[in-house]
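Please look through the structure shown below before reading on. The paragraphs that follow move from charges and rings to the chain as a whole, and then to one of its helices.

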Amino acid sequence: MEKDQYIEFQDRVINLYIEHPEVKQIWKSLDSKRMWRSRGIDNFNSPHHMFLMGKSRVGKTQAVKRYAKQSLKQGEGSYYFDEEGSKVKIIPAVYAEIPDRFTPKEFYNNIIEGLGAVKLYGRVEVGQLKDRALYLLKKHRTEMLILDELDYLLPYASKTREQAMELLKGLANKAGVCLICVGTPEIEVLRTMNEQFIGRYPPRTIPRFEQCDDSFISLLNEIELKLGLETPIGLANSTLGYPQVLHKLSLGFIGWLVPMLQSAMELLGVMEEDFNDFNKLKGLNGHILIEAKKNAVGDITKNDIEKIIRNRVK
């Protein structure tokens, strides 16, 4: 049985994702880096790696996760047969997180898990885990390794940070993959620990929408298009006041804007099982959006907001 228009709309609300204009450029850059690697370029003096930074809630994690998923989807059905005749799936880009309590064992295990394999526990040596991670990266012909949450390295002493970064570099070299390191602007201290890192990891930044300007209004237009309504709500209509209110409440952070709009839909009754009337969307107003912000963000304080906005490199 086909979904009706109301269920389809609910699905679009649930899966709402908007690409930051800078994210689209970064994706193109990642495509380029993978292309050079896939064509056999093995010059580690070339900037095939990247430090991707941005304040909390600008959408870094969603951007890189989606990139990894899309690269897999684009190559959907891409397999090869190994020497033993087994069918092996090609995984162009792998997403993994730095463990919150960093150890080499957990680091390699996270990569193994990112490749869809089972983590190895018990009496397993670090060398075995490293060999396993390298084997799987090569087996699945991975071109890019995306490591998120590099901020977890920041509480450690300088010597441990450098050892961790050398470990990351060594894995990338041996696996022959592009390394994309992701975190807040504070991870700049990792990138600039020595001249080799500075040259190896060119920085890119995903900014927030600091002003309610044309770029923010263009973003709201994209949201309207993704929602796919015959009669738009008018989120990008400055005369109706939606852009100004949405920017003030979200502070230009996509990571707040989208959950806030999803919560607003729920408050309007759009997500109810028996939803069958698009006229409910006409009830969207400032009061609903303020309540939606509370639901999405919680009782965040002004001090918390100032910390997030400042979030400068130490």
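A charge is said to sit over a ring if NZ of Lys or CZ of Arg is within 6 Å of the ring centre and within 35 degrees of the ring normal. In this model, which is predicted, the charged end of Arg 141 is placed in this way over the ring of Tyr 80, 3.6 Å from its centre. Lys 87, in turn, lies over the face of Tyr 79, at 4.4 Å from the centre of that ring.

With these details in view, one can turn to the whole chain. The protein chain has 314 residues, of which 46% are buried, and its secondary structure comes to 13 helices and seven strands. Its C-alpha atoms fill a box of roughly 60 × 50 × 40 Å along the principal axes, while the chain exposes about 17,000 Å², with carbon and sulfur atoms supplying 48% of that area. When contacts between residues at least 6 apart in sequence are considered, 71% of them join residues at least 24 apart.

Helix α9, which runs through residues 214-227, offers a check on its own geometry: at 1.5 Å a residue its 14 residues should span 20 Å, and because its end C-alpha atoms are 20 Å apart, the two values agree. Which residues of α9 are buried? They are Phe 216, Ile 217, Leu 219, Leu 220, Glu 222, Ile 223, Glu 224 and Leu 227. In an α-helix there are 3.6 residues a turn, so residues three or four places apart point the same way. The cover over the buried residues of α9 includes α1 (5-14), α2 (21-38), α10 (242-250) and α11 (254-267). Just after α9, Gly 228 takes a positive phi of about 65 degrees.

Phe 216 also leads to the aromatic rings, of which the structure holds 11 pairs. In one of these, Phe 209 and Phe 216 meet edge-to-face, with 5.9 Å from centre to centre and 65 degrees between the planes. Phe 209 counts as buried because its relative accessibility is 5%, under the 20% cut-off, and Phe 216 counts as buried because its value is 0%. Elsewhere, Tyr 6, Phe 9, Phe 275 and Phe 278 form one aromatic cluster.

A last stop is Lys 169, which lies in helix α6, residues 158-175. Is this lysine, Lys 169, buried or exposed? Lys 169 counts as buried, because its relative accessibility is 11%. Leaving aside neighbours within four places in sequence, Lys 169 is in contact with Gln 196, Phe 197, Arg 200 and Tyr 201.

Conventions. Residues are numbered from 1 along each chain as its sequence is written. This is a predicted model: local features need pLDDT of at least 70, side-chain atom pairs count only at pLDDT 80 or more; totals for chains, interfaces and linings use all residues. Side-chain values use heavy atoms; hydrogens and water are left out. Helices (H or I, at least four residues) and strands (E, at least two) are DSSP runs, numbered from the N terminus. The expected span of a helix is 1.5 Å times one less than its number of residues. Buried means under 20% relative accessible area, exposed over 50%, partly exposed in between (1.4 Å probe, protein chains only). Contact means heavy atoms within 4.5 Å. Rings of Phe, Tyr and Trp (its six-membered ring) pair if their centres lie within 6.5 Å; planes under 30 degrees apart count as stacked, over 60 as edge-to-face and the rest as tilted. Accessible areas come from the Shrake-Rupley method with a 1.4 Å probe; for residues, only the protein chains shown count as cover.
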